[in-house]
Amino acid sequence: MKINQLLQDIVATEFDLTVEGLCLNSNAVQSGDVFIALQGEHDHGIDYANQAINQGCVAILVDSQDVVCTIPTIRIDNLKAHLASLAHTFYPQAREVDVIGVTGTNGKTSVTHFISQLLDQLGIKNGLIGTLGISHNSQTSSQTTPDIITLYRALQEYTQNNINTVVLEVSSHALAQERIQGLNITQAVFTNFSQDHLDYHQTLQRYKSEKLKLFQQDSVQSIVVNQDDESHPDFEQAGKNKVVSRYSIQDFDDIKTTNNGFIAQLDGFVFEVPFLGEFNLLNILAAYQTLKARQLTSMQLIPLLHKLSPPLGRMHKINHRLAWVDYAHTPDAIEKSIITLQTHYPEHKIRVIFGCGGDRDRTKRAVMGKIVSKLASTIILTDDNPRSEDPRSIINDILNGIDDSYEVDIIQDRVLAIETGVTTLKENECLLIAGKGHESQQYYQNKTLAMNDIDIANNA
C-alpha cells in the first residue's frame, strides 16, 4: 500500500513510498514498516527512531513533534486517536475474524487456552492471543492484550493462514486504551472480579467499569458469565439484550478430589481432570459453556475435557517434589492457590515463596501478606519484579500485613529463595512458588535477569 493511501483520510502527504506494515514497537519493526512514534508512560517513541530505522522502517509517523530523521517523517496531531483508523485501513481483513474475548481478574489465560485446546481437538483451526503471546508466530508481549496495531496485524495474518476464529485475552488496560476498537468480538466471557491494577485504575469501580466495556461492544452477540462471582449481575447488565450463558461449580453433579486433580461428573459423563484447583474446574466450565453457546454439544465436548492441560506456569507441578509454580499475583489468586494445595493435600503444611511487583498496585501487598500468613505454615519473601522501586521497601509493604509474631524468612535473591524452598522441603510439606509463573525474565531498575521459576525449581 502506498503511504498516501494509508493516510488519505488523516493528512495529505507528497511522499511516494510503499508500506509493508505498521508498528508501534521499535523492537518489532520489520523491513518496509512505518514506525508510529507515540508518547509513552515514561518516554517517547521517537527516542527509538534510530533503532526503527536500522531495522528497516521506511517512514515515521509522530505526534506533535518537530523531528529531523534520515527517512520521511510525518507529523500528525492527535496521532493516538487515529490508530484504529490506520490499523483498519492497512489490515482490513482483521475485522473479518470471529473473536472470542475473555476478561476477568484471574483465569483469562487458562480459559482462553482451554477454549483453544477444545477447538483444536474438534478440528477447528483457531488462533490464541494473550499473556503467553500470539500462538501462530510465537510472538510474546509484556502486555496481556497487544497494542491495537499488533493485534490487527496478527488477526490479518491469521486470515491469510485460513484461521477465522481467534480466542483473545482482554485486559482492563486494553479496554481503557481502546486496543480492541473495531474488532469483531462476537462472544464476551467473564471469569471473576477482585482487586488488581489499582495503580492504574485508582478505584475498584473504575477497574470494573473498564472490564464491563467488553460486554457493551455492539459486535458481541452472546456473553458467558461466572454465576459464582458476586459481580456477575453487573456483567450481565452490561451485556443486556445479548444471549446469556451462565456457569457455576454447582453444574457438576459430583466432584471427587484426588492428589492429582479431580474425578468429575457433568451432564451424565464422568471424567478425570488431571490438574489441581477448584478454580480450574470453573475455568473448564467457562470454556465448555462458551463453546456450547456456539452450538457445540455436550456429547462433542465433554469427552474431550480430560485431555485439557493448564497453560505454562499455572499450578505447574515440579518434578520429584510436592511443589508448584503458579502465576498467582493478586490477593484472590494466591488465596485460591494455597487453598487448592490444602484441599488436595489436607495432611500437609504449606510453604509459600512470593513477592510483589514494583510500580504496581501497592495496596494489595499488605493484603497478600495477611492472606498468606493466615493460610501458610511458612513463608519466604523474595523479589518479584521490583522495576524502579527499592526491592526491600516492597517486602516491607508485604510485612505490614503480617503479624509480628509470624516468623518470615526473607531471601531477596529469587533464585536462592526457590532453591532453598525446594531443597529444604520436608515430606509433610507442599511448596507454592507464586507470582511469576511462565515469565522468563526479572526486571530491576537498571538490569534485566534471565530467570524462570519452573527451571530453577526443577534444577534444584
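**Close-up 1. Here Q265 faces V270, a residue of strand β14.** This view, like the others, comes from a predicted model. The strands on show are β13, made of residues 262-266, and β14, and they pair in the antiparallel sense. Count the links between β13 and β14 and you get five bridges.

**Close-up 2. Step back a little and you see an open sheet of three strands.** The order is β12-β13-β14, and the pairing is antiparallel. Look to the edges for β12 (254-257) and β14 (269-273): each has a single partner strand, so one side of each is left without a neighbour in the sheet. Going from one strand to the next, the twist averages 15°.

**Close-up 3. Now add helix α10, residues 278-292, which packs on that sheet.** The helix touches β12, β13 and β14. Compare directions and you'll find that α10 makes an angle of about 35° with β13.

**Close-up 4. Over in another pair of strands, β2 and β3 run parallel.** Four bridges join β2 to β3. One pair to pick out is V34, which stands opposite A59 in β3. Strand β3 covers residues 59-62, and its side chains go two ways: A59 and L61 point one way, while I60 and V62 point the other. Whichever way they point, all of these residues are buried.

**Close-up 5. Follow the chain into the loop between β2 (33-37) and α2 (49-54), and you meet I46.** Although I46 sits in a loop, this residue is buried, because its relative accessible area is 13% and the cut-off for buried is under 20%. For a sense of place, try I36: I46 and I36 are 10 residues apart in sequence. In space, the C-alpha atoms of I46 and I36 are 8.5 Å apart.

**Close-up 6. This last view goes to a cavity with a volume of about 40 Å³, the largest in the structure.** A search of the whole structure turns up one cavity of 30 Å³ or more. So who's around the edge of the largest cavity? The lining includes G355 and C356, then the run of T382, D383, D384, N385 and P386, and finally P391, I394 and I395. Sorted by class, the lining has five nonpolar residues, three polar ones and two charged ones.

Definitions and conventions
Residues are numbered from 1 along each chain as its sequence is written. This is a predicted model: local features need pLDDT of at least 70, side-chain atom pairs count only at pLDDT 80 or more; totals for chains, interfaces and linings use all residues. Side-chain values use heavy atoms; hydrogens and water are left out. Two strands pair if DSSP finds at least two bridges between them. Axes are lines fitted to C-alpha atoms, for helices over the stretch in contact, and angles run from 0 to 180 degrees between N-to-C directions. Contact means heavy atoms within 4.5 Å. On a 1 Å grid over the protein atoms alone, a cavity is a set of points where a 1.4 Å probe fits but cannot get out, and a pocket is an open set with protein on both sides within 12 Å along at least five of seven lines; lining residues have an atom within 4 Å of a point. Grid points are joined across faces, edges and corners, and a volume is the space filled by probe spheres set on the points. Ala, Val, Leu, Ile, Met, Phe, Trp, Tyr, Cys and Pro count as nonpolar, Asp, Glu, Lys and Arg as charged, and the others, Gly among them, as polar. Buried means under 20% relative accessible area, exposed over 50%, partly exposed in between (1.4 Å probe, protein chains only).
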